[in-house]
Each structure stands twice: as structure tokens, then as C-alpha cells.
Amino acid sequence: MRYVSQPVKKLDGMPIIKGKPLYTNDLAPNECLIVLALRSPYAYARIKSIDTSKAMLVKGVECVLTYKDVPHVRFTNAGQTYPECSAYDRLILDEYVRYVGDEVALVAANNEKAAQQALKMIKVEYEVLEPVLDYKKAVDNPTIVHNYDDYFMHIPSFNADNKRNIVVDGVEEHGDVEKEFAESEVIAEGEYEIQAQEQCMMESFRTYTYLDHMNRLVVVSSTQVPFHVRRSLARALQIPQSRIRVVKPRIGGGFGAKQTIVSEYYPAIVTLKTGKAAKMIYSRKETFSCSNSRHQMCIKVRVGADKEGNIHVIELDTLSNQGAYGEHGTTTIGLSGHKAIPLYNQARAHRFKYRGVYTNMMPAAAFRGYGATQGQFALESTVNKLAHMLNMDPLLLREKNMLRMGEIMPAYYNEPLNSSALDRCIQRGRDMIRWDEKYPCKEISPTKVRAVGMSISMQGSGISNVDTAGAEIKLNDDGFYTLKIGATDMGTGCDTSMTQIAAETLLADIDQFIVAGVDTDISPFDPGSYASSTTYVTGMAVYNAACDLKNKIITAGAKMMYPERFLDETDKVNPKKFYFDGSRVMEVSTGKTIALHDIAVHCAGTSDGNYLNGTGFYSSPVSPPPLMAGFVEIELDKETGKFDIVDYVGVVDCGTIINSNIVRGQTEGGICQGIGLAMYEDVQYDAKGRMMTDSFMQYKIPNRVDVKKIRVEFESSYEPTGPYGAKSIGEIVINTPGPAIAEAVYNACGVRVTSLPITPEKVKMGMMKNELEKRK
């Protein structure tokens with residue numbers, strides 16, 4: 001193939017290096033009102049009174065808004081397809097504040113200095129309430145985080161109960177779980193704590209808004225979900241969607257954070273109130289403490305097997321800390337089981353219990369991995385534990401029990417596995433890390449030991465029966481193409497990979513394409529870039545649009561060559577008799593041709609022409625999982641518990657690779673984020689619910705020195721439902737470091753750390769505990 005599976009350079013790669021792209025704040029005019037939020041100092045309180053009169057006297061202040069000045073209609077911040085799975089539990093501004101940092105009031109001023117001064121002039125009297133800060137004690141707590149009657153959830157089966165602080169509650173079971181546990185010869189179990197994690201994208205949340213000449217609200221925002229932003233704003237502001245236009249400029253990273261609607265409501269309401277352009281730029285502190293993060297989860301696992309290592313039964317019990325508001329709470333928790341249990345599809349029975357709860361902490365929402373990361377850390381760690389109990393190589397244990405191509409996966413919505421190279425991923429990683437030589441560990445000095453660990457992972461490709469995507473490709477008058485998609489490129493390179501699919505299908509050159517930026521007025525509908533959907537779902541829409549346009553080009557060329565043969569618009573052209581090679585349409589039997597340029601000029605620029613536009617749509621009944629095997633080698637100092645990564649190997653099956661440069665970058669970046677979750681990152685609160693890790697001075701993410709060597713390779717399967725056989729890549733790559741590193745630490749020193757991050761202090765304390773137990 002000319003472009004698919006090739007290392008095509010990102011279309012915007014060189015402009016990014018040169019600093020050419022324009023981001024949201026670059027596009028905002030100088031005369032924008034600056035919008036700042038007064039934020040709650042308390043984890044839970046009611047606003048008894050609020051006086052804004054002195055703030056309004058500050059020179060340059062245009063307006064000050066409180067909960068009395070905005071619509072009282074509940075909505076969700078979750079950027080999800082309608083009907084959203086998340087509860088309607090938000091107001092633009094509320095009489096109650098539910099976490100430290102929650103919005104109390106908005107100030108809009110001509111300059112930031114005036115806005116900051118006005119914030120200090122707002123006088124608020126609070127009735128301070130007792131917060132819920134321990135998510136393990138949230139259910140039926142005397143404090144009710146959302147104590148009102150107009151709480152609404154579209155899907156009753158989630159069993160949400162705001163009066164009990166329950167976001168979601170359920171049990172799913174397959175087979176006779178109790179019987180299988182009773183007959184199991186070996187049972188491995190554990191309880192695992194996965195901490196909240198910040199997305200740490202380079203560009204913070206930011207939005208600017210204005211009214212156009214038709215008095216429509218225009219929202220320019222760094223968002224992953226422009227169409228969902230439009231719908232949610234319409235509900236929150238109580239105006240029709242037709243009165244809102246959302247434009248996505250260049251995005252400086254998202255990692256799921258910008259699938260939640262964070263900064264858009266506030267400048268929008270200011271613009272509607274004042275008629276003036278307004279912008280809101282979150283500071284890094286606000287981005288850390290007033291937005292969203294990965295869900296903190298506690299997961300209990302039991303795995304039952306026979307002495308030969310055949311896993312017969314799996315049980316997962318997940319408790320998820322949703323924080324103050326419910327966005328993504330019902331769906332993220334599901335993936336902790338749905339994308340962990342199927343890894344061991346040979347099990348005859350499984351049970352998945354889950355409960356998400358409200359607390360008075362910053363809301364949790366979407367983050368790369370979306371719950372699968374947490375579930376797989378817990379289950380993979382338990383499988384590694386089982387391997388030691390059986391005295392079996394964990395690699396061989398996985399090969400015996402893992403899912404296989406052609407199987408139906410009961411824990412994965414009863415979907416079939418139509419493509420898999422997981423067995424080859426394991427073997428390739430085994431060879432790269434030299435597993436047989438290094439497992440489990442080797443002492444390299446009296447105080448230093450090197451050890452290896454591994455894990456496997458699966459994710460998904462879009463949301464089956466939910467995600468949809470449209471695409472349009474227009475043939476312009478000079479023979480070049482305009483590609484329109486609604487998926488948002490946030491550094492992932494999707495504009496490039498979608499162009500590769502279009503160019504491959506139309507037999508065109510990459511430089512013949514222009515990719516239009518996402519604009520809800522002109523872009524085809526797309527739910528956005530999330531759930532690993534872009535390559536798979538949007539890619540198929542682009543493929544279908546390219547096929548549609550290709551057929552139209554052939555038809556137009558044939559009619560131009562033989563106008564007397566096709567006198568009526570209804571006359572059909574036999575596609576078997578004509579061929580399009582990317583630059584011309586040719587009649588197969590005679591060799592007669594007409595150039596694409598002539599077709600384009602005729603169709604777009606003459607009175608009897610009709611410009612050619614291909615359209616495509618895609619929605620899939622399945623979500624084919626990409627698969628991965630991850631291997632790590634660490635060096636641990638037995639005197640201090642400190643350890644470093646010597647080598648990390650990741651081997652991925654993402655189906656057919658569309659762009660080898662992009663998938664390699666995605667894989668390396670995801671592994672790095674997974675290492676951060678496993679070893680460094682930890683969102684922490686004080687006793688009053690204030691986040692203490694609200695800057696990069698307190699919140700450690702891995703740097704290049706921390707990561708050392710990462711090596712990635714690919715073993716491609718062919719997914720029949722994906723574009724040219726492709727599956728997704730974006731999320732799966734974050735999942736393997738946690739359990740692999742935990743296993744390597746255990747192999748090095750005998751300490752099984754079950755709470756992330758795995759710090760030297762935890763390792764050393766575990767070693768000391770083991771030593772004391774030996775002396776007893």
C-alpha cells in the first residue's frame with residue numbers, strides 16, 4: 001500500500017516545531033472580557049449570603065454573576081453521546097459548593113487585574129457542612145452530597161441513588177461462581193488501591209466566546225468533544241443548539257480531561273449576559289484542582305484455578321471514588337471489569353460487582369485507559385500472585401488462559417474476538433526482554449538486584465452500538481480534495497492518519513488533501529476523540545466517504561467521455577467498465593481516458609456541472625479490542641527500596657497499522673504515563689479536603705531520566721470491521737506498566753505492593769515487615 005502502514009510525517013509536524021499553530025488563546029481578540037471564578041475554600045458548604053456590590057464598583061468590571069443570575073437547570077459535564085450515561089447533577093453556579101475549588105461566583109472584567117481585585121471584594125457567608133472525604137464510608141453517610149429531588153439519570157438500571165451518595169451500583173454474573181470457587185484447588189486474592197491521577201496536558205482548559213453578526217453564540221474551545229459541548233451548553237444556557245456554534249482550534253493535549261466540559265459554560269454565560277466577547281483561561285493550579293482526574297478505585301479480586309493453572313473463576317469487586325459530580329462515573333467503573341475479566345476468557349464463571357460513590361473531592365472523569373487501567377492493575381497483579389502460588393511462569397499461565405481469536409467474550413458484552421495477535425505479542429516481548437534468561441531476578445551486587453515482570457492488556461475501539469462518525473470529502477475545482485471530519489486532533493495525529501486512509505482509497509497523493517478544522521456548523525457529526533474511536537470509527541467513515549467519492553468520479557468521467565451514452569441523470573455507469581487510478585478515469589476496454597483535473601473543473605466550475613462530494617458514515621455493533629503485552633526490567637536497591645526502570649518492552653496488536661510513526665509515539669507516550677501512575681503520581685488531600693498536589697512542584701510526573709529505555713514493537717492482526725484492518729491504539733498503551741512493575745518489585749525483594757504509586761518507602765517498609773516476620 002502507498003500510505004497505509006507507512007511512516008508518513010504528521011501534516012502539522014513541522015508547523016508545530018516552528019510554533020505556527022494557533023491555539024484558543026491565540027485566537028481570542030485583545031478586547032475579550034477576562035472571566036475568573038471565585039472558588040470555594042470549603043469541601044462542602046451552603047452559601048448563606050453573597051454580596052457582589054463592592055466588586056461591581058471596581059473599574060473595568062463588566063459583570064459579577066452568582067447562582068441567582070444563571071438558569072437553574074441541571075446538566076452533566078460529561079462529553080457523552082445523548083442520552084448521556086452520567087447523571088444531571090450540575091448547575092452553572094449553585095447555592096451549594098461540593099469541593100474545595102467549586103465555583104461560587106464569576107467575575108468578568110476588561111483586564112485580569114480588575115477581575116482579580118473584584119474577586120477579593122465579593123463577600124460570602126457560608127454555612128460550612130461536614131464533608132465526605134473517605135469514599136469507603138460514603139454510602140449511607142449522614143452527609144448527602146447531592147441532597148435534592150430533581151436529580152436525574154437517563155438509565156435507571158445504573159441504580160443511582162443520590163440520597164445514599166451512590167452514583168452507580170450493580171452486579172453482573174456469568175456461570176456458577178460459588179460452585180467454581182468451591183471446586184478450585186488454588187485461590188489467589190487481593191485488595192488493590194489505584195490512586196487518582198492528573199492528565200497533565202500541556203495546554204490548560206480554555207475557552208473564548210462571542211456573538212456573531214447573527215447574534216449566535218460562538219464558542220472557541222480546546223475540547224475533545226465539540227458536538228457534545230454544543231448540546232450541553234444548549235441545555236445549561238437554555239437556548240437552542242441552532243444558536244450555538246463550537247469551533248475547535250489546535251489542542252495542546254487532552255488525555256481524556258477535555259472529554260469533560262470544564263471551562264465552556266462560564267465565558268458563554270458572560271457573553272450572553274453582556275453581549276461581549278469573553279474568555280476564561282484556567283491556571284495550572286485550577287487545572288490541577290478544579291477540573292477532573294482519573295477515578296480513585298479500590299478493587300477486590302479473587303481468582304480460582306486448579307493445580308495445573310487452569311483459571312476457572314474470577315471475581316472483581318470495584319469501589320470507585322467519583323468525587324463531587326457524576327460525570328463518567330457510571331461508565332468508567334464498568335470498564336474496570338469489562339476490559340479486565342475477558343483477558344482470561346477460558347474461565348467458566350465470573351462475577352463483577354461495582355459501586356461508584358459521591359464524595360466532597362474534585363470530580364473524577366475520563367483519563368486514558370478509562371477504568372480498564374485500574375481493573376487490569378488489580379486482576380493482572382492477582383494473576384501474577386496466582387502464578388507464584390502455582391510455582392508457574394506467569395507468562396505460561398497467561399498463555400494457558402488468555403482469550404483467543406474466534407471466541408465469544410461473555411464479560412465483554414458477548415462480543416466475538418475477530419482479530420488477535422496476543423500470543424505473538426507475548427512471544428515477541430519474551431524474546432526482546434530475554435525473559436527466560438532473566439526471570440525472576442538476578443543479583444548484581446550484595447545490595448542491588450535486577451528483576452523482570454510482565455502483564456497483558458486489552459482495551460476497545462470506540463463504543464459498540466453507540467459511537468457514530470461522519471466524514472465528507474469534496475473534489476475541488478483544481479483536482480485537490482477537502483477532507484471534513486468531526487474528530488478532534490489533539491496531538492494524536494488523526495488529521496494525518498485520516499488523510500492516509502482517504503489517499504489510499506482514492507489513489508491520491510497526501511499533498512492533494514486539505515483537512516478542515518472541526519466546526520459544528522460545517523463538520524460532519526462525530527462524538528469526538530475519545531474511547532479509542534478515531535482510527536476505527538472515524539477511519540471507517542472516511543473510508544466509506546472516499547469510496548463514495550471514487551464511484552462519483554468514475555461516473556462523472558464516464559459521462560464526460562460519452563455524453564451521448566448517458567443522456568439522463570438516471571443512466572447508470574457500469575463500474576466494471578471504467579477504472580479510476582487516482583489521476584484519470586479510464587475505460588477498460590478501449591483505454592480511453594479523461595484526467596481528474598478536467599473532471600474537477602467541469603463538475604465544480606461549469607453551468608452543467610455538479611461538484612462531487614463523497615459522504616460516509618460508520619457505527620459498529622462491536623468494539624474490537626487491541627491487545628498488548630508489557631515487560632519491564634528494574635534494578636532495585638535492597639538497602640533503600642529505591643528502584644529504577646532499566647528497560648521497558650511493549651508489544652501491541654492494534655490491527656493494521658495506519659501510520660507507524662504515530663502508533664509508535666502513542667505507545668511510547670502511553671507507557672510513560674503508565675510508569676507515572678505506577679511509580680510517581682499521587683493526588684493527595686489534606687484533612688479538610690484541600691488538594692495538596694496542585695502544581696508541578698508537588699505533583700511528580702516522570703521525566704526522560706526516570707523513564708530510561710522504552711522499546712516498542714507491533715504484531716498486527718487483521719480486524720475485518722476496521723479500515724484496512726485497523727483497530728485502536730490510544731488507550732491500551734497505558735495499562736501494562738502498573739502490574740508489570742509491581743510484579744518486578746515482588747520478584748526483586750518479595751514485597752507485593754498493592755497500592756499505587758509503588759514508592760521506595762512502601763517497598764522498604766514491606767522489606768522490613770518481611771524481615772520481622774522471618775525472625776518470628
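**Note on the predicted model: selected contacts and burial**

1. I729 lies in the loop that runs between β29 (710-714) and α19 (737-749). The model is predicted, and this applies to every point below. Although its place is in a loop, I729 counts as buried because its relative accessibility is 9%, under the 20% cut-off. Leaving out residues up to four places away in sequence, I729 touches V652, C654, V663, Q666, T667 and F714. Q459 is 270 residues from I729 in sequence, yet the two C-alpha atoms are 8.8 Å apart in space.

2. Q224 is a second loop residue to look at, placed between β10 (217-221) and α6 (226-237). Is Q224 buried or exposed? Its relative accessibility is 1%, so Q224 counts as buried. Setting aside neighbours within four places in sequence, its contacts include the residues G254, F255, G256, A257, K258 and Q259. I251 is also in contact with Q224, as are T488, M490, G528, S529 and Y530.

3. V246 sits in strand β11 (residues 244-247). It is buried, with a relative accessible area of 0%. Not counting residues up to four places away in sequence, V246 touches V219, P226, V229 and R230, and also V518, D519 and T520. The C-alpha atoms of V246 and L217 are separated by 8.4 Å, with their positions 29 residues apart along the chain.

4. Helix α4 (residues 112-121) has the buried residues A114, A115, A118 and L119. These lie on the same side of α4, because they cover an arc of only 140° around the axis. The exposed residues K113 and K120 are carried by the face turned away from that buried side. What do the buried residues of α4 pack against? Their partners are three strands, β1 (33-39), β3 (61-65) and β5 (103-109), together with the helix α3 (53-56).

5. Two packed helices are described by the angle between their axes and the distance between the axes. For helix α14 (residues 494-506) and helix α15 (residues 534-561), the axes come within 9 Å and cross at roughly 35°. The crossing in which α14 passes α15 is right-handed. On the α14 side the contact is made by C494, M498, I501, A502, T505 and L506. On the α15 side it is made by T534, T535, T538, G539, V542, Y543, A546, C547, L549, K550 and I553. Sorted by class, this contact has eleven nonpolar, five polar and one charged residues.

6. How many disulfides does a search of the whole structure find? The count is zero. Two cysteines illustrate the point. The sulfur of C32 has its closest cysteine sulfur in C63, at 13 Å, and this is too far for a bond. For C494, the closest cysteine sulfur is in C654, at 16 Å, again too far for a bond. The cut-off for a disulfide is 2.5 Å between sulfur atoms.

7. Both of these cysteines are buried: C32 has 1% relative accessibility, and C494 has a relative accessible area of 3%. C494 also belongs to the contact of α14 with α15. C654, which holds the cysteine sulfur closest to that of C494, is one of the residues touched by I729.

Key. Residues numbered from 1 in each chain as written. Predicted model: local features only at pLDDT ≥ 70, side-chain atom pairs only at ≥ 80, totals over all residues. Heavy atoms only, no water. Axes fitted to C-alpha atoms, helices over the stretch in contact; angles between N-to-C directions. Helix = DSSP H or I, 4+ residues; strand = E, 2+ residues; numbered from the N terminus. Left-handed = near helix turned anticlockwise from the far one by under 90°. Contact = heavy atoms within 4.5 Å. Nonpolar A, V, L, I, M, F, W, Y, C, P; charged D, E, K, R; others polar. Buried < 20%, exposed > 50% of the residue type's maximum accessible area, 1.4 Å probe, protein only. Arc of directions from axis to C-beta.
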